[in-house]
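Please look through the model shown below with the strands of its sheet in mind, and follow the pairing from one strand to the next as the paragraphs proceed.

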Amino acid sequence: MFDQMPNAQPQFLTVGEGEAARDIAIIVRPAQAGSDAPALIWLSGYRSDMSGTKAVELDGLAAELGLACIRLDYSGHGLSGGSFRDGTISRWLEEALAVIRHVAPERVILVGSSMGGWIALRLAQELAWQGGPKLVGMVLIAPAPDFTSELIEPNLKAKERKSLAERGYFEERSQYSPEPNIYTRALIEDGRQNRVLDGIIETGCPVHILQGMKDADVPHAHAMKLVEHLPADDVVLTFIRDGDHRLSRPSDIALLLSAVKGIVGSSTSRPIPA
């Protein structure tokens, strides 16, 4: 068993220039010497960070298998600098790309939760266009691509539209935090520029989606719609009948780790323990 690195210290990478500069917190677990396996990259959801249950369990799996694991906090999240209200999909995508370029693994598996699934799909497009590490697989947990235009905008109430117009944001009670969720006009407008459900998505790698059927935030029909936009990829969609949005129960974590192991196993010649 490899060191679990419970007290691993974050590194900080400055992304952006001038007033747009922000320090992004990263925790990198190096691979076992001589490993040719892909690095795991954790992409958190909206208002989540790299210290959450799923992120830590993924890092633990990397320790067990001798894999590299890269975790980051987007600006305005966790240990990173920057204001949360300045956050947009483009901004957080820029940060994830910068971290990948900085650490420079040769091959990667993207593991994205909720909004992190949207970031993962945009990363796949950007890596294909710009070049970079080879993407060998994706595991998406309750993925929420295009959630601003697909799940938020169609359901805005009159008072929320008024708040967006007059204040530039609206607040919504969070079931996961005493602090309300804040959705800004900039986030919603930028979301339209980052849509992925408007055509065929070609990741060029196997994709495993885990989706709870009792998810109150991202309905399971959204996962089915995503699959329709991935016709060229090898896609596995696993429905968890009693699963909620977080999918953080031990049984859910076991499914996540199994999905990641499956993709790792198909991408390396080294046998992976069951």
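In this predicted model, Val108 stands opposite Leu135 in β6, and this pair belongs to the pairing of strand β5, residues 107-113, with β6, which runs in the parallel sense over 7 bridges. Between the two strands the chain crosses from β5 through α3 to β6, and this β-α-β crossover is right-handed.

The helix that makes the connection, α3, comprises residues 115-130, and at 1.5 Å a residue its 16 residues should span 22 Å; because its end C-alpha atoms are 22 Å apart, the expected span and the modelled one agree. Helix α3 is also mostly covered, with 13 of its 16 residues buried, and it is followed by Gly131, a residue whose phi is positive, near 85°.

Strand β6, residues 134-141, is mostly covered as well, since 7 of its 8 residues are buried. Besides its pairing with β5, strand β6 is joined by 4 bridges to strand β9, residues 207-212, and these two strands run parallel; here Met138 stands opposite Val207 in β9.

How do these pairings fit into the sheet, and in what order do its strands lie? The sheet is open and has 8 strands in the order β1-β2-β4-β3-β5-β6-β9-β10, with mixed pairing. At its edges stand β1 (11-15) and β10 (235-240), each of which has a single partner strand, so one side of each is left without a neighbour in the sheet. Neighbouring strands of this sheet are turned by 20° against each other on average, when direction is ignored.

Strands of a sheet pair through backbone hydrogen bonds, and they may do so either parallel or antiparallel. The antiparallel sense appears where β1 meets strand β2, residues 22-29, with 5 bridges between them, and the bridge partner of Gln11 in β2 is Ile26.

Ile26 leads on to another strand, for it is among the residues in contact with Arg71 when neighbours within four places in sequence are left aside; the others are Ala25, Ile27, Trp42, Met50, Ala55, Val56 and Asp59. Arg71 itself lies in strand β4, residues 69-72. Is this arginine buried or exposed? Its relative accessible area is 6%, and because residues under 20% count as buried, Arg71 is buried. A polar atom of the side chain of Arg71 lies 2.7 Å from the backbone oxygen of Met50, and Met50 is also one of the contacts of Arg71 listed above.

Note on methods:
Residues are numbered from 1 along each chain as its sequence is written. This is a predicted model: local features need pLDDT of at least 70, side-chain atom pairs count only at pLDDT 80 or more; totals for chains, interfaces and linings use all residues. Side-chain values use heavy atoms; hydrogens and water are left out. Buried means under 20% relative accessible area, exposed over 50%, partly exposed in between (1.4 Å probe, protein chains only). A polar contact is a pair of N or O atoms within 3.5 Å; within protein, one must be able to donate a hydrogen and the other to accept it, and residues adjacent in sequence count only if both atoms are side-chain atoms. Contact means heavy atoms within 4.5 Å. The expected span of a helix is 1.5 Å times one less than its number of residues. Two strands pair if DSSP finds at least two bridges between them. A crossover is right-handed if, with the strands pointing away from the viewer, the path from the first strand over the helix to the second runs clockwise. Axes are lines fitted to C-alpha atoms, for helices over the stretch in contact, and angles run from 0 to 180 degrees between N-to-C directions.
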